[in-house]
Amino acid sequence: MKSLTLLIFCCMIAACLSAGLPDTKSMSPAESPRDDGVFVNRDVASAVVRQKRAGTAPADLTVAQLESLKEVCEANLACEHMMDVSGIIAAYTAYYGPIPY
């Protein structure tokens, strides 16, 4: 019984080792996995961050004004969902037009 258990265990180990990832040394450069898109250029990254910061809240609105817009937008479920996804400025302007301040 112990020998049967040991044999099954060895077979499972052999199956796991043979089913693993292929050896990357034997792969051609065209077949090897690439890391394109994982890292971006610093200029591209800063441009994306700059765009995100620019779209979140205009500099001329105070916290009280933003809270007022948020309260108006929370009355509409669709506007509230868009506020969670895209931000308060985008949601308010999409559902209620330009900001009155």
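Here is a short friendly conversation about the predicted model shown above.

Reader: Before we start, how are residues numbered, and what do local features need in this predicted model?
Author: Residues are numbered from 1 along each chain as its sequence is written, and side-chain values use heavy atoms, with hydrogens and water left out. Because the model is predicted, side-chain atom pairs count only at pLDDT 80 or more, totals for chains, interfaces and linings use all residues, and local features need pLDDT of at least 70.

Reader: Which elements make up the secondary structure of the protein, and how many helices are there?
Author: Helices (H or I, at least four residues) and strands (E, at least two) are DSSP runs, numbered from the N terminus. Read from that end, the elements run α-α-α-α-α. The protein has zero strands, and its helices number five.

Reader: What share of the protein's residues is buried?
Author: Buried means under 20% relative accessible area, exposed means over 50%, and partly exposed lies in between (1.4 Å probe, protein chains only). Of the 101 residues in the protein, the buried share is 10%.

Reader: Which residues make up the largest nonpolar core, and which helix gives the most to this core?
Author: A nonpolar core is a set of buried Ala, Val, Leu, Ile, Met, Phe, Trp, Tyr and Cys residues joined through side-chain atoms within 4.5 Å. The largest one has nine residues: L61, L69, C73, C79, M83, I88, I89, A91 and Y92. At least two residues of this core come from each of α3 (63-74), α4 (77-86) and α5 (88-96). With four residues, the helix that gives the most is α5.

Reader: What does I88 touch, not counting residues up to four places away in sequence?
Author: Contact means heavy atoms within 4.5 Å. I88 is a member of the largest nonpolar core. With residues up to four places away set aside, I88 touches L66, L69, K70, C73 and M83.

Reader: At what angle do α3 and α5 pack, and what is their crossing called?
Author: Axes are lines fitted to C-alpha atoms, for helices over the stretch in contact, and angles run from 0 to 180 degrees between N-to-C directions. The axes of α3 and α5 are 10 Å apart, and the angle is about 50°. A crossing is left-handed if the near helix is turned anticlockwise from the far one by less than a right angle, and right-handed if clockwise; for α3 and α5 the answer is left-handed.

Reader: How are α3 and α4 placed relative to each other?
Author: Angles under 35 degrees count as roughly parallel, over 145 as roughly antiparallel, 65 to 115 as roughly perpendicular and the rest as oblique. The axes of α3 and α4 cross at roughly 130° and come within 7 Å. In this pair, K70, C73 and E74 of α3 meet C79, E80 and M83 of α4. The two helices are therefore oblique.

Reader: Which hand does the crossing of α4 and α5 have?
Author: These axes come within 7 Å and cross at roughly 150°. Among the residues that meet are A78 and S86 in α4, and A90 and A94 in α5. The crossing is right-handed.

Reader: Where does Y95 lie, and which residues is Y95 in contact with beyond four places in sequence?
Author: Y95 lies in helix α5 and is partly exposed, with a relative accessible area of 38%. Its C-alpha is 8.7 Å from that of A78, although the two are 17 residues apart in sequence. Beyond neighbours within four places, the contacts of Y95 are N76, A78, C79 and M82.

Reader: And for E74, how far is its C-alpha atom from that of I88?
Author: E74 is found in helix α3, and is partly exposed at a relative accessible area of 35%. Setting aside neighbours within four places, E74 is in contact with E80 and M83. I88 is 14 residues away along the chain, and the C-alpha separation is 9.9 Å.
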